[in-house]
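User: Please take a close look at the sheet in this structure. How are its strands arranged, and what packs on it?

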Amino acid sequence: ALAAISLMGAACNDDDNNGTDTIIQATDLPQAARTFVETHFPGATYTRVEKQSRADSDGSIYDVQLSNGFEIDFTAEGAWTDIDGNHQAIPAAILPASISQYVTANYASQSVTTIEIERHGYDVELSNDVDLVFNTNGQFIRIDR
């Protein structure tokens with residue numbers, strides 16, 4: 001669902017921000033965001049980096065697309081808010097330990113392909129398209145249908 005939303009946003013010229021998104025250089029990202037990408041996606045290069053004029057509801061202001069297909073949203077401070085692997089597994093080191101353990105225990109053959117930080121906690125999408133909801137401590141709440 002996120003990928004479709006992302007594509008729709010691009011196709012609609014990001015009307016929600018009145019078309020005021022600016023393409024920037026990766027070097028203009030906060031250091032924390034660049035370090036995150038270098039740490040968790042060492043072979044990837046930046047294919048598109050956008051800075052929005054206003055932060056989204058989750059606080060993200062930077063939209064980053066990488067050469068490996070990952071899309072990551074960052075806050076002004078460089079903290080990630082949304083990671084979309086576009087059907088690829090998100091590196092386990094990124095996931096809160098409790099979420100990783102829950103997925104391993106209950107969905108051993110699946111991987112996490114999208115994770116979003118929301119007000120209530122985390123929304124996680126698995127490779128079988130099951131959406132899981134966790135609280136801010138990473139404890140499982142429900143399957144989101």
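Analyst: Two strands count as paired if DSSP finds at least two bridges between them. Strands of a sheet pair through backbone hydrogen bonds, either parallel or antiparallel. The model here is predicted.

By that rule, there is an open sheet of 9 strands, and the pairing is antiparallel. The order across the sheet is β1-β2-β3-β4-β5-β6-β7-β8-β9. At its edges stand β1 (22-23) and β9 (140-144), each of which pairs on one side only.

One pair can be followed in detail. Strand β4 covers residues 71-75 and strand β5 covers residues 80-84; 4 bridges join them in the antiparallel sense. Within this pair, F74 is placed opposite W80 of β5.

Helices pack on the sheet as well. Helix α2, residues 31-40, touches β2 (46-51), β3 (60-66), β4 and β5. The direction of α2 makes about 150° with that of β4. Helix α3, residues 97-106, lies across β6 (112-118), β7 (121-126), β8 (131-135) and β9. Relative to β8, helix α3 runs at about 140°.

The last detail concerns side chains. A search of the whole structure gives 1 salt bridge. The side chains of R48 and E50 form a salt bridge, with 2.6 Å from N to O. The two residues can be sorted by their relative accessible area, where under 20% means buried and over 50% means exposed. E50 has 8%, so E50 is buried. R48 has 37%, so R48 is partly exposed.

Terms used. Residues are numbered from 1 along each chain as its sequence is written. This is a predicted model: local features need pLDDT of at least 70, side-chain atom pairs count only at pLDDT 80 or more; totals for chains, interfaces and linings use all residues. Side-chain values use heavy atoms; hydrogens and water are left out. A salt bridge is a side-chain nitrogen of Lys or Arg within 4 Å of a carboxyl oxygen of Asp or Glu. Buried means under 20% relative accessible area, exposed over 50%, partly exposed in between (1.4 Å probe, protein chains only). Helices (H or I, at least four residues) and strands (E, at least two) are DSSP runs, numbered from the N terminus. Contact means heavy atoms within 4.5 Å. Axes are lines fitted to C-alpha atoms, for helices over the stretch in contact, and angles run from 0 to 180 degrees between N-to-C directions.
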